[in-house]
Amino acid sequence: MKKIEAIIKPFKLDEVKEGLAAIGIQGLTISEVKGFGRQKGHTELYRGAEYEIDFLPKIKVEVIVSDGQCESVLGVIQENSKTGKIGDGKIFVYDLEQVVRIRTGEQGENAV
């Protein structure tokens, strides 16, 4: 099993969610996060004063999938979140040792 974490631009969330649903992904977790990479934030003017915005709003999408679904999920996330501009985000893939469904006690792929 794999855990896929993707950091994407907020306005791309609906496209990613719909793309994942189209390939049969039933569950995912979304978090509103802030961060920066190479773009290093930007400067804004507010009431005549200049402010440096270091941390930009992003969305973190977390999905647990079987090993066989990993490549298709990566492709869907990349295809649906890409704008071609700096700050599109990153995708991280982790190996999972164990998953347990709390309600039933199911373990492994049955718990996903």
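In this predicted model, Gly 24, which lies just after helix α1, adopts a positive phi of about 95 degrees. The helix that precedes Gly 24 spans residues 13–22, and Leu 13, Val 16, Gly 19 and Leu 20 are buried within it. When α1 is viewed down its axis, these buried residues fall within an arc of 135 degrees, and they therefore line one face of the helix. Glu 18 and Ala 22, on the other side of α1, are exposed.

The buried residues of α1 pack against strands β1 (2–8), β2 (29–35) and β5 (56–65), as well as against helix α2 (70–81). With respect to the strands, α1 lies across β1, β2 and β5 and runs at about 10 degrees to β5. Helix α2, in turn, lies across β1, β5 and β6, and its direction makes an angle of about 5 degrees with β1.

The sheet itself is open and is formed by four strands in the order β2-β5-β1-β6, with antiparallel pairing. Strands β2 and β6 (90–95) stand at the edges; each has a single partner strand, so one side of each is left without a neighbour in the sheet. On average, neighbouring strands of this sheet are turned by 25 degrees against each other, direction ignored.

The pairing of β1 with β6 can be described in further detail. These two strands run antiparallel and are joined by six bridges. Glu 5 stands opposite Phe 92 in β6.

Methods: Residues numbered from 1 in each chain as written. Predicted model: local features only at pLDDT ≥ 70, side-chain atom pairs only at ≥ 80, totals over all residues. Heavy atoms only, no water. Buried < 20%, exposed > 50% of the residue type's maximum accessible area, 1.4 Å probe, protein only. Arc of directions from axis to C-beta. Contact = heavy atoms within 4.5 Å. Pairing = 2+ DSSP bridges. Axes fitted to C-alpha atoms, helices over the stretch in contact; angles between N-to-C directions.
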